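Biologist: Could you take me through one part of this model in detail? I would like a close look at the nonpolar core and what surrounds it.

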Amino acid sequence: MSQKIMGGVMGGIVGGMIFGMLMQMMGMMPMIAKLVGGDTVILGWIVHMVISIAAGILFVLVFSNMIVSYASATKYGLAYGVFWWILGPLILMPVILGMGVQLQNAFGQTQLMSLMGHMIFGITLGLVYHKLTKQV
């Protein structure tokens with residue numbers, strides 16, 4: 001199981017870096033830092049990567065027995081990314097920042113860009129996980 005957890009950690013890191021670059025280009029890192037009371041880009045990156053690693057570990061705990069091919073890694077990774085898009089920027093983040101649930105804004109331009117980023121994160125997480133653990 002420890003090799004599977006490490007696969008999830010590495011998938012979370014790789015997916016988090018790719019998604020983080022997209023968020024950086026959109027200027028979102030200071031908002032991520034606000035989740036812990038800060039506003040700097042570097043703190044935003046730290047928070048984002050901690051969340052990405054935790055999400056990678058949770059992915060393993062939920063999906064590891066279902067990931068048997070690159071196709072299943074892609075499918076479950078995509079679904080996982082959509083799940084985090086709903087839970088993260090539409091529910092948890094706005095509630096923590098005092099804005100209330102933002103489901104009504106789900107299909108605005110910024111949120112659709114966020115959806116794309118979360119899907120890329122999930123697919124990357126799934127593929128990296130499978131690549132690193134397919135012999136386990």
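Modeller: Happy to; here is the chain as a whole, then its core, then two residues in detail. Please keep in mind that this is a predicted model. The chain has five helices and zero strands, so its elements read α-α-α-α-α from the N terminus on. Its radius of gyration is 15 Å, close to the 14 Å that the globule rule gives for 136 residues, so the chain is as compact as a globular protein of that length. Along the principal axes, the C-alpha trace spans about 45 × 30 × 25 Å. Of the 136 residues, 41% count as buried.

Now to the core. The largest nonpolar core holds 19 residues, and Ile32, Phe59, Ile67 and Tyr80 touch the most other members. At least two residues of this core come from each of α1 (2-25), α2 (29-33), α3 (41-63), α4 (70-96) and α5. The largest share, seven residues, is supplied by α3. In soluble globular proteins, nonpolar side chains tend to be buried together.

Ile32 is a good place to zoom in. Beyond its neighbours within four places in sequence, Ile32 is in contact with Met23, Gly44, Val47, His48 and Met93.

His118 deserves a look too. This residue sits in helix α5, which covers residues 109-133. His118 has a relative accessible area of 11%, which is under the 20% cut-off, so His118 is buried. Setting aside neighbours within four places in sequence, its contacts are Phe19, Gly81, Trp84, Trp85 and Pro89.

Technical notes: Residues numbered from 1 in each chain as written. Predicted model: local features only at pLDDT ≥ 70, side-chain atom pairs only at ≥ 80, totals over all residues. Heavy atoms only, no water. Helix = DSSP H or I, 4+ residues; strand = E, 2+ residues; numbered from the N terminus. Buried < 20%, exposed > 50% of the residue type's maximum accessible area, 1.4 Å probe, protein only. Contact = heavy atoms within 4.5 Å. Core = buried A, V, L, I, M, F, W, Y, C linked by side-chain atoms within 4.5 Å. Rg over C-alpha atoms; globule rule 2.2 N^0.38 Å.
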